[in-house]
Every structure is written in structure tokens, then in C-alpha cells.
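Visitor: I should be grateful for a close look at a single part of this structure, namely the place of one charged side chain and its partners. Please start there and then extend the description to the rest of the chain.

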Amino acid sequence: MAIRFEKYQIESLKMAFEESEYLTKEKKIELVRLTGLDMEQIASWYNRRRARKRAKESRGELERINKDLKQSVRERHEHEAKLQKELRDSKKREAELQDENQRFKHQLTIVEGVFVSDESPSGRGDSMMELRWIKVGHTSASNGL
């Protein structure tokens with residue numbers, strides 16, 4: 001079982017670590033005298049401390065990346081929802097235009113029927129067709145077509 005360091009030993013090691021994360025030979029000797037620990041214990045403490053610091057920094061970086069990815073996913077979902085709405089609106093508009101097109105075709109059939117019925121062999125065909133066209137056109141325009 002590992003022997004726990006005394007509080008003063010840990011405080012001395014922490015202060016030395018804040019000055020520099022890496023030990024020089026001189027600093028190791030000074031810490032041996034100051035703490036009463038051997039060089040292996042001090043070197044091992046420094047290695048564990050650097051590893052914990054790297055792990056903490058990595059966790060922080062991963063948390064930042066995770067936050068950015070979640071934001072990106074939210075933005076993509078919002079964009080997808082917007083595109084879905086645009087698609088629904090476009091399909092609705094397409095259906096409205098198809099209905100309008102059917103109404104126009106129906107009205108055109110009616111107008112063509114009027115032209116056919118007005119063409120008579122009596123010789124009045126062209127002038128009557130012209131009058132009917134204006135009349136039907138005028139009536140259609142007044143009905144919002």
C-alpha cells in the first residue's frame with residue numbers, strides 16, 4: 001500500500017510544480033532536502049501531477065468540442081425544420097397552381113365551346129366570334145380570372 005505524503009510535503013511539491021512542471025537535478029535535490037522524500041517519490045509525484053493536468057485539460061477540450069457539436073446539431077435540426085416547412089409550402093403552392101390550371105383549362109374549354117357554337121355558315125362568323133371573345137374575355141376578367 002502506498003504511503004501518503006504529509007501535508008507539508010504536498011504543499012512543497014505543489015509550490016515547486018507551480019514554478020515549473022519539470023524538475024531539474026538541482027530542484028530535485030532541493031525538494032529531497034525540503035520534504036524528506038526520495039528522488040523517485042518526487043519524480044513519480046511530478047509525473048502523476050503532469051498526467052492529471054493533461055487529463056483535466058483534455059476533459060476541458062472535449063467538453064468544449066462536445067458543446068460545439070451539440071450546437072451544430074441544434075443548428076442542423078433548425079435548418080432541416082426550415083427546409084421541411086419550405087418543402088410543405090412549396091407542395092401546397094404547387095397544388096394550388098394545379099387547381100388554378102385545371103380551372104383555366106375548364107374555362108378555356110367553355111370559351112372554345114362558345115367559339116365553335118358561334119361559327120355559323122351564315123357569314124357572320126368572324127365578327128360574331130370577335131364579339132363573343134371580347135364578351136367572354138371581359139366577363140372572365142371581371143370574375144377575377
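**Lys27 and its setting**

Guide: Lys27 has a relative accessible area of 18%, and because the limit for a buried residue is under 20%, Lys27 is classed as buried. The model under discussion is a predicted one, and every value given here is computed from it. Lys27 belongs to helix 2, which covers residues 25-35.

The partner of this lysine is Glu19. The two residues form a salt bridge in which the closest N and O atoms are 3.1 Å apart. The pairing also appears as a polar contact between the two side chains, at 3.1 Å. The two partners differ in exposure: Lys27 is buried at 18%, whereas Glu19 is exposed, with a relative accessible area of 62%. The salt bridge therefore joins a residue that falls under the 20% limit to one that lies over the 50% limit. Glu30 also takes part, since Glu19, Lys27 and Glu30 are linked in a network of salt bridges.

Glu19 also leads to helix 1, which spans residues 7-19. Lys14 is found in that helix and is partly exposed, with a relative accessible area of 29%. Its C-alpha atom is separated by 9.0 Å from that of Arg49, although the two residues are 35 positions apart along the chain. Arg49 in turn has its charged end over the ring of Phe17, at 5.5 Å from the ring centre.

Phe17 opens the way to the aromatic residues. Ring pairs join Phe17, Trp45 and Tyr46 into a cluster. A pair of aromatic rings is described by the distance of the centres and the angle of the planes. The structure has three aromatic pairs. One of them is formed by Trp45 and Tyr46, whose ring centres are 5.6 Å apart and whose planes make an angle of 70°. Because an angle over 60 degrees counts as edge-to-face, that term applies to the pair of Trp45 and Tyr46. Both residues are buried: Trp45 has a relative accessibility of 6%, and Tyr46 has a relative accessible area of 1%.

Returning to helix 2, Thr35 also lies in this element. Thr35 is buried, with a relative accessible area of 1%. A polar atom of the Thr35 side chain lies 3.2 Å from the backbone nitrogen of Leu37.

The description now passes to helix 3, which covers residues 39-118. Two salt bridges may be described within this element. In one, the side chains of Lys85 and Asp89 meet with an N to O distance of 2.9 Å. These two residues are four positions apart in helix 3, about one turn of the helix. Lys85 is partly exposed at 46% relative accessibility, and Asp89 is likewise partly exposed, with a relative accessible area of 39%. In the other, Arg93 is bridged to Glu96, with the closest N and O atoms 3.6 Å apart. Arg93 and Glu96 are three residues apart in helix 3, again about one turn of the helix. Their relative accessible areas are 44% for Arg93 and 37% for Glu96, so each falls between the limits of 20% and 50% and counts as partly exposed.

Helix 3 also contains Ile65, a residue of nonpolar character at the surface. Together with Leu62 and Leu69, Ile65 forms a nonpolar surface patch, with about 280 Å² of accessible area for the three residues together. Ile65 is partly exposed, with a relative accessible area of 35%. Patches take in residues with over 30% relative accessible area, so the value for Ile65 meets that requirement.

These details may finally be set against the whole chain. The chain has four helices and zero strands, and from the N terminus on its elements run α-α-α-α. Of its 145 residues, 12% count as buried; Lys27, where this account began, is classed as buried too. The search of the whole structure finds seven salt bridges, among them the one between Lys27 and Glu19.

Methods: Residues numbered from 1 in each chain as written. Predicted model: local features only at pLDDT ≥ 70, side-chain atom pairs only at ≥ 80, totals over all residues. Heavy atoms only, no water. Patch = residues over 30% accessible without salt bridge, like charges linked within 9 Å, V, L, I, M, F, W, Y side chains within 5 Å. Areas by Shrake-Rupley, 256 points an atom, 1.4 Å probe, with all protein chains shown as cover. Salt bridge = Lys/Arg side-chain N within 4 Å of Asp/Glu carboxyl O. Buried < 20%, exposed > 50% of the residue type's maximum accessible area, 1.4 Å probe, protein only. Phe/Tyr/Trp six-rings, centres within 6.5 Å; stacked < 30°, edge-to-face > 60°. Lys NZ or Arg CZ within 6 Å of the ring centre and 35° of its normal. Polar contact = N/O pair within 3.5 Å; in protein donor to acceptor, adjacent residues only side chain to side chain.
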